[in-house]
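Colleague: I have a few questions about this model. Please keep the answers short.

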Amino acid sequence: MKTVNVSGLKNNPSEALRMAHEDMVLVMNRNEPDAVMVGLKSAKIIGMPGVRKALATALFKDGNLSLARSAKLADMPLANFIAHVSRLGISVIDQTADEVEDDLDTLDQWLNQA
């Protein structure tokens, strides 16, 4: 196991990430252990069944990853990922009623031009 202190992590986070690709990294805050960094590939976690889908779902739900990037992370076609998150009750479209109304007005205008 490798160690890094919080100030070292703040000054050079990429070094800690590189170390985490090789081994677990213990982050120390003064003299106390504070966190552990684990490289998902090196620990073979990312390849475990369901891990990619779970990570992608959580990241999408929290708004940290787009729908398309989440589907790619989950290694699923976009339509399948949409069905997956919909089954879990996670909204795919995050719009207010006013935004939906505006979009429908725009669609009507566009269709009437044809």
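Colleague: Which residues of α3 are buried?
Modeller: This is a predicted model. Buried here means under 20% relative accessible area. What covers the buried residues of α3 includes α4 (67-73) and α5. The buried residues in α3 are V51, A56, T57 and F60.

Colleague: What is the relative accessible area of F60?
Modeller: F60 belongs to helix α3, residues 51-61. F60 counts as buried, because its value falls under 20%. That value is 12%.

Colleague: How is the aromatic pair of F60 and F81 arranged, stacked or edge-to-face?
Modeller: The structure holds one aromatic pair. The ring centres of F60 and F81 are 6.2 Å apart, with 80° between the planes. Planes over 60 degrees apart count as edge-to-face. So the 80° of F60 and F81 makes the pair edge-to-face.

Colleague: Which parts does that pair tie together?
Modeller: F81 is buried, at 0% relative accessibility. F81 lies in α5 (residues 78-87) and F60 in α3, so the pair ties together parts 21 residues apart in sequence. Those parts are helices α3 and α5.

Colleague: What phi does G63 take, positive or negative?
Modeller: G63 comes just after α3. Its phi is about 80°, hence positive.

Colleague: Which residue forms a salt bridge with E22?
Modeller: The structure holds one salt bridge. Its closest N and O atoms are 2.8 Å apart. E22 sits in helix α2 (residues 13-22), and its partner sits in strand β1 (residues 2-5), 20 residues apart. E22 is exposed at 60%, and the partner, partly exposed at 29%, is K2.

Terms used:
Residues are numbered from 1 along each chain as its sequence is written. This is a predicted model: local features need pLDDT of at least 70, side-chain atom pairs count only at pLDDT 80 or more; totals for chains, interfaces and linings use all residues. Side-chain values use heavy atoms; hydrogens and water are left out. Rings of Phe, Tyr and Trp (its six-membered ring) pair if their centres lie within 6.5 Å; planes under 30 degrees apart count as stacked, over 60 as edge-to-face and the rest as tilted. Helices (H or I, at least four residues) and strands (E, at least two) are DSSP runs, numbered from the N terminus. Buried means under 20% relative accessible area, exposed over 50%, partly exposed in between (1.4 Å probe, protein chains only). Contact means heavy atoms within 4.5 Å. A salt bridge is a side-chain nitrogen of Lys or Arg within 4 Å of a carboxyl oxygen of Asp or Glu.
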